[in-house]
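Me: Got a fold open here and want a quick tour. Can we go through it piece by piece?
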Amino acid sequence: MAIGYPYHGLLTSDFTVTTGIVSSLSGILNDTRFLQISAAVQPGNSGGPLFDLGGSVVGVVAAKLDAVTVARATGTIPENINFAIKTGALRDFLDNSAVQYQTAEWRDSLKRETPEIAKDARGYTLLIVCKVNEQAAGKRGDTK
């Protein structure tokens, strides 16, 4: 399950929840730092948590496959090919930043319903907006 703020300001101002599966244990070009996921993500999901069925964070949403580039190269439009950074890379980052965290082993008995996981996530999933690009574009006179 991925939680984020896709197209914030255009769509809802609340976070959204999408579900899917882990499609592959590696990303583009077999990059093992990533998981390939089928949960739909859009701009605004990046940096959001990826949860397992028990509500534990198992990754951070990082990217989606560039559909236009793939369509130009292959003639087909890819669907549901998105990526999350695996917990190993997250643990390395947290360890190097001296941030404490807890780990847990998966057990079938821990399976929870999506609304319950989302309710808990509301307490620690926040929208962070970077205004630097918007301000810089305004100074240059860019419209994009």
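Me: Pockets to start. How much space lies in the largest pocket?
Reply: About 1000 Å³. Keep in mind that this is a predicted model.
Me: How many residues line the largest pocket, and which lie nearest its centre?
Reply: The lining has 34 residues. Pro49, Val57, Val58, Val60 and Leu90 are nearest the centre.
Me: Which element gives the most to that lining?
Reply: α2, with 4 residues. At least two residues each come from β1 (2–4), β6 (57–64) and α2 (87–96).
Me: And how does the lining of the largest pocket divide into nonpolar, polar and charged?
Reply: 18 nonpolar, 13 polar and 3 charged.
Me: OK, next one down. How much space lies in the second largest pocket?
Reply: About 270 Å³. Its lining has 17 residues, and Met1, Gly20, Phe51, Asp52 and Leu53 are the closest to its centre.
Me: Which elements give two or more residues to the lining of the second largest pocket?
Reply: Two or more residues come from β5 (49–51), and two or more from α3 (114–121).
Me: What classes of residue does the second lining have?
Reply: For the second largest pocket, 10 are nonpolar, 3 polar and 4 charged.
Me: Switching topic. How many helices and strands does the chain have?
Reply: The chain has 4 helices and 7 strands. Along the sequence, the pattern reads β-β-β-β-β-β-α-β-α-α-α.
Me: Which strands does β4 join by bridges?
Reply: β3 and β7. β3 covers residues 22–24 and β4 covers residues 34–37; 2 bridges join them, and they run antiparallel. With β7 (residues 82–86), β4 shares 4 bridges, again antiparallel.
Me: Give me landmarks. Which residue in β4 stands opposite Ser24?
Reply: Gln36.
Me: And on the β7 side, what is the bridge partner of Ile37?
Reply: Asn82, in β7.
Me: Anything to know about side chains in strands as I look?
Reply: In a regular strand, they alternate between the two faces of the sheet.
Me: Now backbone oddities. Which residue between β1 and β2 should I look at?
Reply: Tyr7, in the loop between β1 and β2 (16–18). Tyr7 is not a glycine, yet its phi is positive, about 50°.
Me: Why flag a positive phi?
Reply: Because most residues other than glycine have a negative phi.
Me: Is Tyr7 buried, exposed or in between, and why?
Reply: Tyr7 counts as partly exposed, because its relative accessibility is 35%. The partly exposed class lies between the 20% and 50% cut-offs.
Me: What about the loop between β3 and β4, which residue sits there with a positive phi?
Reply: Asn30 is in that loop. Its phi is about 60°, and Asn30 is not a glycine either.
Me: Buried or exposed?
Reply: Asn30 has 60% relative accessibility, so it counts as exposed.
Me: Zooming out. What does the C-alpha trace span?
Reply: About 55 × 35 × 35 Å along the principal axes.
Me: What share of the chain is buried?
Reply: Buried residues are 25% of the 144 in the chain.
Me: How much area does the chain expose, and what share do carbon and sulfur atoms supply?
Reply: About 10100 Å² is exposed, with 54% from carbon and sulfur atoms.
Me: Last one. What share of the contacts joins residues 24 or more positions apart?
Reply: They account for 53% of the contacts with a separation of 6 or more.

Notes. Residues are numbered from 1 along each chain as its sequence is written. This is a predicted model: local features need pLDDT of at least 70, side-chain atom pairs count only at pLDDT 80 or more; totals for chains, interfaces and linings use all residues. Side-chain values use heavy atoms; hydrogens and water are left out. Two strands pair if DSSP finds at least two bridges between them. On a 1 Å grid over the protein atoms alone, a cavity is a set of points where a 1.4 Å probe fits but cannot get out, and a pocket is an open set with protein on both sides within 12 Å along at least five of seven lines; lining residues have an atom within 4 Å of a point. Grid points are joined across faces, edges and corners, and a volume is the space filled by probe spheres set on the points. Ala, Val, Leu, Ile, Met, Phe, Trp, Tyr, Cys and Pro count as nonpolar, Asp, Glu, Lys and Arg as charged, and the others, Gly among them, as polar. Buried means under 20% relative accessible area, exposed over 50%, partly exposed in between (1.4 Å probe, protein chains only). Contact means heavy atoms within 4.5 Å. Accessible areas come from the Shrake-Rupley method with a 1.4 Å probe; for residues, only the protein chains shown count as cover.
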